[in-house]
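Student: I should like a close look at one part of this model, namely the helix that carries an annotated position, together with the residues around it. Please then place that part in the context of other local features of the chain.

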Amino acid sequence: MLRCIELGKKGLGSTAPNPMVGCVIVCNNKIIGEGYTSPYGGAHAEVNAINAVKDKRLLSKATLYVTLEPCSHFGKTPPCSDLIIKCGIPEVIVGLQDPHDKVAGAGLAKLEEAGCKTQVGILENECKKHHVRFLTFQEKKRPYIILKWAETRDGFIAPEEKLRKKSPKPFWISNIYSKQLVHKWRSEEQAILVGTTTVLADNPKLTVRNWTGKNPLRIVLDKNLKIPLDYHVFDGNVKTIIFTEINDASKYKESISYELIDFSEAIASQICAVLIKHSITSVIIEGGSKTIQTFIDEGLWDEARIFKGNISFAGGTKAPIIPGRLLRTTSVLSDTLSTFIND
């Protein structure tokens, strides 16, 4: 099962909104096939593992290990449980039952009815951790939310406004290696979210240009549609959703999605409800301080990744206040990276 989890991680950033499942097929204590979930719309892990078996005759005496219960319904692909039955695989070991309302034990029941021996709950906690994005989406009905920011040694995330005006460019707090790590994180999540102030101040592209991978969907909060239409977030290179309260289509730009919310009420909760509608299972929120604090105050976050750089501003925008439990602290050369979890 550990190998299944290891394989499943290869789908991080490409399978969503499907879970990143890993699968291994064993015969006579030897791995004869393995696979993981293809990019969204492609084959599931079980199909890829079965297809990897060179001698299909071995399947009739093999055991299939998989991190998540095989599906039993038709989606973009046929049910994996049907293929397992067709191939005559006699035993299936499952890490975790699928909470999706179209599965939820139905895949296991179908296998058992066909005479397949099943076992559930092998390394269940490890599989839950592995599938945390999918489980959060299914059980909490919201995306898995990662907060990320960089702060100075004296606790600021942006300099004073007068310094911004004097030098109108991004002020980098963290080093280039931390920056590259952030781009790796972006490639692993389905979406990235920022507020109006961050876009106006930095005109960010919000891409993974310093890493290899898929650019996340861009989500921007722009209550009064202040952001100029020639800014990078409107370049059309990546699907973009703008949250606003301006209900005037004449001010909207083509190819951009607009969602109306009430900025005077529980903003984070409203955003989560809309992201569920768009089938977004994970989002990394990169600022600004007010936007991040909104999610913290509503308790809608799962993980916070905070860089502390080796510089000071002696004034400016204070960093958000995080109430979670410190999970670990590591070093990225001169930067300190602290990870908190909301449990």
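Tutor: The account below begins with helix α8 and its contacts and then turns to other parts of the chain. The model is a predicted one, and the description should be read accordingly.

Helix α8 spans residues 176-188. Ile176 belongs to this helix, and its relative accessible area of 63% makes it exposed, because the threshold for that class is over 50%. Together with Tyr177 and Leu333, Ile176 forms a nonpolar patch on the surface, whose accessible area is about 370 Å² in total.

Arg186 and Ser187 are also part of α8. Arg186 has a relative accessible area of 8% and is therefore buried, the limit being under 20%. Ser187, at 9%, is buried as well. The two residues have separate lists of contacts beyond their sequence neighbours. Arg186 is in contact with Ile192, Leu206, Thr207, Val208, Arg209, Lys214, Pro216 and Glu286. Ser187, for its part, touches Leu12, Gly13, Val208, Trp211, Thr212, Gly213 and Lys214. Val208 and Lys214 thus appear in both lists. Within the helix, a polar atom of the Ser187 side chain lies 2.6 Å from the backbone oxygen of Lys184.

The annotation concerns Arg186 directly. In an unreviewed entry, UniProt lists Arg186, Leu206, Arg209 and Glu286 under "binding site". In the model, Arg186 is in contact with Leu206, Arg209 and Glu286, so the contacts of this one arginine include the other positions named in that record. Leu206 is placed in the loop between α9 (196-202) and β9 (217-221). With a relative accessibility of 3%, Leu206 counts as buried. Its contacts outside the sequence neighbourhood are Arg186, Ile192, Val194, Pro216, Arg218 and Val233. Ile192 and Pro216 are contacts of Arg186 too.

The loop that follows β9 and leads to β10 (240-244) holds Leu225. Phi of Leu225 is positive, near 55°, in a residue that is not glycine. Leu225 is partly exposed, with a relative accessible area of 21%. A positive phi of about 55° is also found at Lys141, again not a glycine. Lys141 is located in the loop between α6 (132-140) and β6 (144-151), and at 54% relative accessibility it counts as exposed.

Two cis peptide bonds may be described next. One joins Ala16 and Pro17, with omega of about 10°; Pro17 is in the loop between α1 (2-8) and β1. The other runs from Gly287 to Gly288, with omega near 0°. Gly288 is found in the loop between β12 and α11 (289-297).

Thr281 connects with the cis bond at Pro17. Thr281 occupies the loop between α10 (267-277) and β12 (282-285), and a relative accessible area of 5% places it among buried residues. Its contacts, sequence neighbours within four places aside, are Ala16, Pro17, Arg133, Phe137, Pro143, Tyr144 and Gln190. Ala16 and Pro17, both partners of Thr281, are the residues joined by the cis bond. Arg133 and Phe137, also touched by Thr281, fall within the residue range of α6.

The final part to consider is the region of α2 (45-52) and β3 (63-68), between which a loop contains Ala62. The buried residues of α2 are Ala45, Glu46, Val47, Ala49 and Ile50. These buried residues pack against β1 (22-27), β2 (30-36), β3 and α3 (80-86). Ala62 itself is buried, at 1% relative accessibility. Beyond four places in sequence, Ala62 touches Ile25, Val26, Cys27, Ile32, Ile89, Pro90 and Glu91. Of these, Ile25, Val26 and Cys27 fall in the range of β1, and Ile32 falls in that of β2, both being strands against which the buried residues of α2 pack. As for Pro90, its C-alpha atom is 6.6 Å from that of Ala62, although 28 residues separate the two along the chain.

Terms used:
Residues numbered from 1 in each chain as written. Predicted model: local features only at pLDDT ≥ 70, side-chain atom pairs only at ≥ 80, totals over all residues. Heavy atoms only, no water. Helix = DSSP H or I, 4+ residues; strand = E, 2+ residues; numbered from the N terminus. Buried < 20%, exposed > 50% of the residue type's maximum accessible area, 1.4 Å probe, protein only. Contact = heavy atoms within 4.5 Å. Polar contact = N/O pair within 3.5 Å; in protein donor to acceptor, adjacent residues only side chain to side chain. UniProt positions renumbered as here; feature names shortened; annotations may be inferred. Patch = residues over 30% accessible without salt bridge, like charges linked within 9 Å, V, L, I, M, F, W, Y side chains within 5 Å. Areas by Shrake-Rupley, 256 points an atom, 1.4 Å probe, with all protein chains shown as cover. Salt bridge = Lys/Arg side-chain N within 4 Å of Asp/Glu carboxyl O.
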